[in-house]
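I opened this entry to look up how the nonpolar side chains are arranged, and I set down below what I found.

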Amino acid sequence: MPVVTIDRHLSANIPCVSSDNYRGGELAAEKLIALGCRSLLFFRIGPSIYGEVPTRGPGFENACRMAKVPYQSQWLSDADTEAPFFRFLEEHIQDGKLEFDGIFCNSDGLAVRVCEFLRSREIRIPEDVQIIGYDGIVDFATGRYICSTIVQPVAEMAQTAVKALLSGDSTLSPANISLPVYFAPGGTTRE
């Protein structure tokens, strides 16, 4: 029976369709740097399952190293709450100013919650801190992105997965089918 996964690797014989997560991490760092950020932070919360999503962090970190821009990374598993992120942020606020001026979160949902936390501490988004998420989630009421984001080609990912499934022979598909991503402004970065 043909099997195709989305973002997760089950075996070398089962194709995995994903967005280019590594490039998405690089793109987030490059965009924050191009917008003037000089001290960056990466937050990731997610499963420890082998897949493509965790490559967002190494992509981000590589782009920071290449640009020689200082950064820190914080990783939590799905079993954790976001409380350690908020404690970390609290510890890095001095005299009403966050030590970081650019943050990349591995999901739009996390980016929105980080924005809410920082705003509750009177840190202005995007004036004081610029934030980019990942997914490309759109608010259904307004049709706008819920935050500045790295957009996944969700429809193309679904079509590609169905095409690979319908081919009937997963050995004909490459082990990893990675589709391009792009940045879209959503109000949490200065444009």
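For these notes I take contact to mean heavy atoms within 4.5 Å, and I keep in mind that the model is predicted.

Leu 89 was my starting point: leaving aside its neighbours within four places in sequence, I find Leu 89 in contact with Leu 41, Phe 43, Leu 98, Ile 103, Val 114, Phe 117 and Leu 118. I then looked up the largest nonpolar core, which has 24 residues, and noted that Leu 89 is listed among those with the most contacts inside it, together with Phe 43, Leu 98, Ile 103, Val 114, Leu 118 and Ile 131. The elements that give two or more residues to this core are strand S3 (40-46), helix H3 (83-91), strand S7 (102-105) and helix H4 (108-120), and H4 supplies the largest share, six residues. I also recorded a second, separate core of 18 residues, which includes Leu 27, Val 69, Ile 132 and Val 181.

Next I turned to strand S8 and asked which way its residues point. Gln 130, Ile 132 and Tyr 134 point one way, Ile 131, Gly 133 and Asp 135 the other way, and all are buried. Because six of the six residues of S8 (residues 130-135) are buried, I describe the strand as largely enclosed by the rest of the structure. S7 and S8 run parallel and are joined by three bridges; Gly 102 has Gln 130 as its bridge partner in S8.

Last, I checked the surface, where Met 1, Val 3 and Leu 10 make a nonpolar patch of about 380 Å². Val 3 lies in the segment before strand S1 (5-6) and is partly exposed, with a relative accessible area of 31%.

Technical notes
Residues are numbered from 1 along each chain as its sequence is written. This is a predicted model: local features need pLDDT of at least 70, side-chain atom pairs count only at pLDDT 80 or more; totals for chains, interfaces and linings use all residues. Side-chain values use heavy atoms; hydrogens and water are left out. Patches are made of residues with over 30% relative accessible area and no salt bridge: like charges are joined within 9 Å, nonpolar side chains (Val, Leu, Ile, Met, Phe, Trp, Tyr) within 5 Å. Accessible areas come from the Shrake-Rupley method with a 1.4 Å probe; for residues, only the protein chains shown count as cover. A salt bridge is a side-chain nitrogen of Lys or Arg within 4 Å of a carboxyl oxygen of Asp or Glu. Helices (H or I, at least four residues) and strands (E, at least two) are DSSP runs, numbered from the N terminus. Buried means under 20% relative accessible area, exposed over 50%, partly exposed in between (1.4 Å probe, protein chains only). A nonpolar core is a set of buried Ala, Val, Leu, Ile, Met, Phe, Trp, Tyr and Cys residues joined through side-chain atoms within 4.5 Å. Two strands pair if DSSP finds at least two bridges between them.
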